[in-house]
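Colleague: I've got this one open. Can you walk me through it?
Modeller: Sure, send your questions.

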Amino acid sequence: MLQKRPAPGERCDFCAVQLAPNHSHLIELAARRILCSCRPCYIVFEPEGAAQGRYRPIREHYAPVVDFTLSDELWDALAIPIGLAFFFYNSLEKKMVAFYPSPAGATESLLPLDKWGEIAATYPQLAAIAPDVEAIVIRRTPEAASCYVVPIDAAYELVGIIRSTWKGFDGGEEAHLRIEQYFERLAERSRGRVTARTA
């Protein structure tokens, strides 16, 4: 499970310079930790191989998957007990992994790769996400399903929202409101970007 290192006064984890509220992040692959970074440090680690496989910069890329649908049968086969989950490719484990938010944090689901393959065959752009630093967030409700490609730290933001607000069996009003606001932000950040289904 990814852990976010506490940022002392929102300072760069590499050079300790004070950071603006909106700043860059990198991920430490082995520990699955998100690290805060000033722009100069981010640029140092941005070129391929610059971090010698230890860190990867998280780019700000949001895109909706339009016309996204997912059958109950296929969702149930993914062994995810709620209607929220995110997926990413873990380059150290060399496989797609799935997590769903819970009051205890991010819980890993044992992802049947053949079933994920069915989804990727319909939406092959999902298999093209950047390893470790991009995630696929899926939300299913009785009315519809939605899917976004997001930075990995945005996926863990959803985990943090649920962990801090979820109450009782169904989560409660505050949790559902915060989740709704989260997906509104995803829609806003994804505006003008289209990640479409293949024919």
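Colleague: How many disulfides does the count come to?
Modeller: Zero. A disulfide here is a pair of cysteine sulfur atoms within 2.5 Å. This is a predicted model: local features need pLDDT of at least 70, side-chain atom pairs count only at pLDDT 80 or more, and totals for chains, interfaces and linings use all residues. Residues are numbered from 1 along each chain as its sequence is written, and side-chain values use heavy atoms, without hydrogens and water.

Colleague: Why is there no bond for Cys12?
Modeller: Because its closest cysteine sulfur, in Cys15, is 3.8 Å away, too far for a bond.

Colleague: Is Cys12 buried or exposed?
Modeller: Buried, because its relative accessible area is 5%. The cut-offs: buried is under 20% relative accessible area, exposed is over 50%, partly exposed is in between (1.4 Å probe, protein chains only).

Colleague: New topic. What order do the strands of the open sheet have?
Modeller: The six strands run 5-10-9-6-7-8, with antiparallel pairing. Strand 5 (63-64) and strand 8 (105-109) are the edges, each pairing on one side only. Strands are DSSP runs of E, at least two residues; helices are runs of H or I, at least four; both are numbered from the N terminus. Two strands pair if DSSP finds at least two bridges between them.

Colleague: How many bridges join strand 9 and strand 10?
Modeller: Seven, linking residues 134-140 to 145-151 in the antiparallel sense. Ile138 stands opposite Cys147 in strand 10. Cys147 is buried too, at 2% relative accessibility.

Colleague: And how many residues of helix 4 are buried?
Modeller: Ten of its 14. Among them are Ile152, Tyr156 and Thr165.
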